[in-house]
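Student: I have a model on the screen and some questions about it. Can we go through them one by one?

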Amino acid sequence: MTQRRYLQLDVFADRPGAGNPLAVVLDAQGLDDNAMQAIARWTRLPETTFVFPPSQPGASYRIRMFSPRREVPFAGHPSVGTACVVLEAGLAAPVDGRLVQEGVAGLLPLAVDGEGEARTIAVRTPRARVVETASAGDPRLAATLRGLPLGALPPALMDGGRRWWLAELRDEAALRAASPDWAAIGALAESTESMGLCAFARADAGRDYDLVVRAFVGAPAQFEDAASGAANATLAAWLNHNGALPGRDGHYTVSQGREVGFDARLELRVDADGEVWSGGRVSNVVRGTIDWR
């Protein structure tokens, strides 16, 4: 087989162009690691996923995720987008409103709510832990945070499969106006083996979201993420750890990506067991086949 079903999606978006793009290759049997990495490099999207039949009892399907540079053990928007494709392709059906994704990060449940364009999907993310807290004057952070008015919570390094430094800013205006020091963020990421800096602020009154997030990736490439389910899940765990969740009943909405030309909405929920669910809506953009010999 050389022709395989291929889709491109916008994740955490109610319309094309608002969220984080994703490519999905169905019928991926027969593709080896080199081929999958080559396809991901060719699409030039943040991630490309490959769908296989499950190999473990209880799994709905199996997934591999690749960025243009390397395989990714877990990421939020590829998990949510791929689940949408699997449902629409009829490869799996929810059982009691749940799918189970098999991947490098293990078996992860996904909650499916609604149908069609209004459907939302949320993945239960790997449990995050606090690695350390710091101060703005920490030598590792000083250059990255210089000129940024900080909020109430101290900066922290969290590990949710990927490590992120988290920093609360004083208000939404300060966060949206922030200009990242890419050299400093890159140095921070490399020296602490982290993704970089995830900065956040409480939303202004009257918004249709509760929190604003900007995720500055420092390594291996340097860019601002349009919408990161994994970074937001790590942040939700930090907020829950501090008793500082916004919204109501553990549920809140995030605005991300506006500063880089997107307008994503992510739905975060922390359940009674402290598990974090990261999700939102998915918009299909491209349907076709990929012919990769």
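**Helix 5, a pocket and two residues**

Tutor: Helix 5 spans residues 182-192, where helices (H or I, at least four residues) and strands (E, at least two) are DSSP runs numbered from the N terminus. Its buried residues (under 20% relative accessible area with a 1.4 Å probe, protein chains only; exposed is over 50%, partly exposed in between) are Ala184, Ile185, Gly186, Leu188, Ala189 and Thr192. This is a predicted model, with residues numbered from 1 along each chain as its sequence is written. Local features need pLDDT of at least 70, side-chain atom pairs count only at pLDDT 80 or more, totals for chains, interfaces and linings use all residues, and side-chain values use heavy atoms, with hydrogens and water left out.

Student: Which elements do the buried residues of helix 5 pack against?

Tutor: Packing here rests on contact, meaning heavy atoms within 4.5 Å. One partner is a helix, helix 3 (142-145). The others are strand 11 (163-168), strand 12 (196-202) and strand 13 (211-217).

Student: At the start of helix 5, which backbone nitrogen does a side-chain oxygen of Asp181 reach?

Tutor: A polar contact is a pair of N or O atoms within 3.5 Å; within protein, one must be able to donate a hydrogen and the other to accept it, and residues adjacent in sequence count only if both atoms are side-chain atoms. The Asp181 oxygen comes to within 3.3 Å of its partner. That partner is the backbone nitrogen of Ala183.

Student: What phi does Glu193 take?

Tutor: Glu193 sits just after helix 5. Its phi is positive, at about 50°.

Student: Is Gly160 buried or exposed?

Tutor: Gly160 lies in the loop between strand 10 (156-159) and strand 11. It touches Pro126, Arg127, Ala128 and Thr234, not counting residues up to four places away in sequence. Because its relative accessibility is 10%, Gly160 counts as buried.

Student: Which side chains make polar contacts with that of Arg265?

Tutor: Arg265 is found in strand 16 (residues 264-270). One contact, of 2.9 Å, joins its side chain to that of Asp263. Another, of 3.2 Å, joins the side chain of Arg265 to that of Asp208.

Student: Which residues of the lining lie nearest the centre of the largest pocket?

Tutor: On a 1 Å grid over the protein atoms alone, a pocket is an open set of points with protein on both sides within 12 Å along at least five of seven lines, and lining residues have an atom within 4 Å of a point. This pocket is lined by 32 residues. Nearest its centre lie Pro46, Glu47, Ser67, Phe223 and Asp225.

Notes
1 Å grid on protein atoms, 1.4 Å probe; cavity = no way out; pocket = protein on both sides within 12 Å on 5 of 7 lines; lining within 4 Å.
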